[in-house]
2 protein chains.
Amino acid sequence: MKGCDAWEELEQKMERVMPVKAALTLLEWDNETLAPEEAGSLTAKIQGGLAESYHQMMTDEALKEALKRCEACAGAAERGLAGAEGSGDETGGSTADGLDQEEVRRAILREAREEYDRLSRIPREEYRAYQELTAKSARVWARAKESRDFSLFAPVLKEVLDYQKRFAGYQAKPGQKLYDVMLDEYEKGFGMKELDEFFRMLKEELVPFLKQVQESPVRIHDGFLTGDYPEDQQRELAEYLAGYVGFDFRRGVLAESAHPFTTALHNRDVRLTTHYSEKVDSSLFSVIHEAGHGIYEQGIDDSLTQTLAGEGASMAMHESQSRFFENVIGRNEAFWVPVYGRLKEWFPEQLKGVGRDVFVRAVSRVQPGLIRTEADELSYSLHILVRYELEKQLVEEDLDVEELPGLWAEKYEEYLGVRPEHDGEGVLQDIHWSQGSFGYFPSYALGSAFAAQMYAHMKKVMDVDGLLEAGQIEPVREYLREHVHRFGKVRTSRQILRDMTGEDFNPRYYVDYLKEKYGKLYQIQT
Amino acid sequence: MKGCDAWEELEQKMERVMPVKAALTLLEWDNETLAPEEAGSLTAKIQGGLAESYHQMMTDEALKEALKRCEACAGAAERGLAGAEGSGDETGGSTADGLDQEEVRRAILREAREEYDRLSRIPREEYRAYQELTAKSARVWARAKESRDFSLFAPVLKEVLDYQKRFAGYQAKPGQKLYDVMLDEYEKGFGMKELDEFFRMLKEELVPFLKQVQESPVRIHDGFLTGDYPEDQQRELAEYLAGYVGFDFRRGVLAESAHPFTTALHNRDVRLTTHYSEKVDSSLFSVIHEAGHGIYEQGIDDSLTQTLAGEGASMAMHESQSRFFENVIGRNEAFWVPVYGRLKEWFPEQLKGVGRDVFVRAVSRVQPGLIRTEADELSYSLHILVRYELEKQLVEEDLDVEELPGLWAEKYEEYLGVRPEHDGEGVLQDIHWSQGSFGYFPSYALGSAFAAQMYAHMKKVMDVDGLLEAGQIEPVREYLREHVHRFGKVRTSRQILRDMTGEDFNPRYYVDYLKEKYGKLYQIQT
């Protein structure tokens, strides 16, 4: 598209749109970390006004024309290429030195087209009404959770779900199922067909394996992880750990919020939050997890900065990186060889007499519970399994929302062996559905599976654990940067995974990884 | 304008514009307080994109039409009112309970019209080129200041000045002088005529008075103000003091930046910064000063929130409130009667043996120096006098910028008795001119004079010092809120001052206030 006038026009349009997007990101970040409590409803109004501007800019006639003309240009260029060089290389001409800029432009064009289509298919009046509904819905959800009473939330949840189904209908290709449309929004290439297979494997393999672990005579001592860990020291340690795994503080900041999250204005302004807790491992692994997200965003190629392709490839790919750092690297004894001494310097009293091996076993203990965000590595994906099955029923089988609490409790009992005593620790625990995010949860489990597949591959090309033990995280991180991070959204998560590991997504790696790691820890013959 | 269709249309337009303005405010705040260092140039790009959106939204045809139709509506309503009720009340029907909403609408319409006119008179190409120039200019200024070499800055300053003159020419009414246009942008009703008189009085009265103070045999001991004041305790104290004088932390936050400032997204989201210093008084009075700005913004009536009239009336009125809190209240022994004990609890060692009277004398000491931002209360306005005289010459007498350093040094020697050794502590000390802010400086001195006139008036209606001594700041602050803060930009600073004090601006109060306060401190017969 180089030399194509329409491309320059599209770029100019985007130079006005992207700042609005960045401002929305900053407002959200600020609202979660710093803004005064009484600013709330006005902040929502400011966000609403900017979101409308974004919507209008992204759906205007001139943009539509520019898109069409860019597509014509791109089509002509590809036909030219095909004529001159054969069928072309699917993955483009990117090298280790930099991305193929023609591929970059095609990706930006594709993202702009998808965003245009997505937004312009929804009637503006409905879009606005839906914004108001979800603002209300989040408040109702918070109150219901506090009251531990799902019946307060059920009517508004039903409304949100109905909107989401209608919106999915607007986007659906002929014959496409609604839940597939929703899944596609978070993860291209992973619809119900792929996910049914994935979750079936998890269910068949991990549910019985978890029972074996629970029946194992191995007892893991972890009382020392809870106690008097002063917040100031946790804060220093969090900065140290984020920096140690490779988060670049010249391009990012770390703050505090109730629920840790990561966001980015662009690859030179990446923002993590964490929380500090009586349970020191919660604080330690939270910051390593968020640093993983942050390192991904910081590793995106500069040619994508402030473009629609300048974000992580997908939710699952993002989660693969955060979980790679948190679990594959962080819950790995090799990682702690050069680091545990530092940790003990911060907390000499609290960790007195606790050897490195004891510490690593403690932070890896398996303890199935009710709350997803506090789950251990092994049982985590079973929390997601519950949600996947329920979402499918809600969207595809018109399950009545009133049925959710009962089904939730049954599934938790069946898969994890625990049963919530009230809705607050059951079906009301996550904010996602109140915001209309149906189809989002599967990414969490998929991401863990991506991470395991990458780890299996990387162990073949480098001595990952040996490097960690020697305190050399950089080659590991650089490998991820070269094969994952820098591409942003230029390629889909599925393609990135395939290009990197040489094979298509294969959940077997995940199951094997978990069984090997936790079989060893709990002395289970597999 | 109630019941006028065009008004609703204007309101809808502004509901899209104001969020962009708020986002720009937040980006600037974030950039000064938190953003990572490498975000810089991209942040500027984001700001540039949003500023262009703002410009376009504020100058579009539909807005122009809505303005015209609102003005027709307002004109008809006023003629109706005049017919029915006589000539009407100039200050509107606001009561202590709330603002007259018709007056509010007229003010918003007036502000929108002025903004529309101001922006639409500047050709878009020139506007954009100027934005680029000032971004560059600020960098050149920073380098020149670091190198202490004005000649590096002179060429770009000349360019900025030429743009500013040309822009002023676009805005000028027939026969209006360019510097008057510039002054009007910061302070309506105070042109060269008023300011010449004001500064002449300061020069005639304060220059010789300052010499008397310097020749006074009174010696003030202030060594204890500099020393080991740990930053964490300064931070706690800053929060205490801001809260004590009435800054509401449910509607605001306090952070840190190189140069303290205050900004507001709206009256429920007001943001102060301060700095911490080895000189504890610099930190103490900095936060009280900024809290004064913040209290003003928080006191603006809710009916003005997120409208173009929802800001302080003017730069000088803002400065009057910050300086009222900093100097009239803060550098007043009565204030410290209930507070000094708390201060000593924070710094028992540092203030050992220092009595309250000794402390208050120390923080009020007069010590003319080279740097405006570090100036004492008495010599402060003479720093402004220097700048006013030079700006006038630059704009009205085509003074060559090359002449600035020499004239600067001469004037400092004449008015303050000090002479800079290099440009860094002379003509390069302030950022303002590099940003094209000609006409801004006089507001600082005017604000101090407003504060003195308010104080003289308030002492007649309440026992200000008695209340301070009793730890009752609230009635003082509430009086300011009722007579100044809540009006936002609904009325001009000059009108607010007149309505409150019952007379027009009179600089005599300022001179008398300073002479009485510092004559007493330095035992000078006046």
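Copies are superposed by least squares on the C-alpha atoms of residues with pLDDT of at least 70 in both. Keep that in mind for the first result. And a reminder: this is a predicted model.

Symmetry, then. A turn of 180° lays chain B on chain A, with an RMSD of 0.0 Å. The shift along the axis is 0.0 Å. The two copies are thus related as by a two-fold rotation axis. What about the contact surface? The same surface serves both copies, as 100% of the contact residues of chain B recur in chain A. Which residue of chain B comes closest to the rotation axis? That is Ala23(B), with its C-alpha at 3.0 Å.

From here on I stay in chain B. Next, the sheet. It is open, with 3 strands in the order β1-β3-β2, and the pairing is mixed. Two strands sit at the edges: β1, residues 252-256, and β2, residues 262-266. Each of these pairs on one side only. On average, neighbouring strands are turned by 20° against each other, direction ignored.

Look at one pair in detail. β1(B) and β3(B), the latter covering residues 269-274, run parallel and are joined by 5 bridges. In that region, Ala255(B) stands opposite Thr273(B) of β3(B).

What lies across the sheet strands? Helix α1 of chain B, residues 5-33, lies across β1, β2 and β3. Its direction is at about 145° to β2(B).

Now a helix pair. Helix α5(B) spans residues 124-147, and helix α6(B) spans 150-171. Their axes come within 9 Å. They cross at roughly 145°, and the crossing is left-handed. Who makes the contact? On α5(B), the residues include Tyr130(B), Leu133(B), Val140(B) and Trp141(B). On α6(B), they include Phe153(B), Val156(B), Tyr163(B) and Phe167(B). Charged side chains take part too, among them Glu126(B) and Lys136(B) from α5(B), and Glu159(B) and Arg166(B) from α6(B).

Last stop: helix α13(B), residues 356-363. Which of its residues are buried? Phe359(B), Val360(B), Ala362(B) and Val363(B). Buried here means under 20% relative accessible area. Why do these residues share a side of α13(B)? They cover an arc of only 160° around the axis, and that puts them on the same side of the helix. The general background is simple. An α-helix has 3.6 residues a turn, so residues three or four places apart point the same way. And the partners? The buried residues of α13(B) pack against α10(B), residues 280-298, and α12(B), residues 333-346.

Conventions: Residues are numbered from 1 along each chain as its sequence is written. Chains are lettered from A and ligands numbered from 1 in the order in which they are written. This is a predicted model: local features need pLDDT of at least 70, side-chain atom pairs count only at pLDDT 80 or more; totals for chains, interfaces and linings use all residues. Side-chain values use heavy atoms; hydrogens and water are left out. Contact means heavy atoms within 4.5 Å. Two strands pair if DSSP finds at least two bridges between them. Helices (H or I, at least four residues) and strands (E, at least two) are DSSP runs, numbered from the N terminus. Axes are lines fitted to C-alpha atoms, for helices over the stretch in contact, and angles run from 0 to 180 degrees between N-to-C directions. Buried means under 20% relative accessible area, exposed over 50%, partly exposed in between (1.4 Å probe, protein chains only). The arc is that of the directions from the helix axis to the C-beta atoms. A crossing is left-handed if the near helix is turned anticlockwise from the far one by less than a right angle, and right-handed if clockwise.
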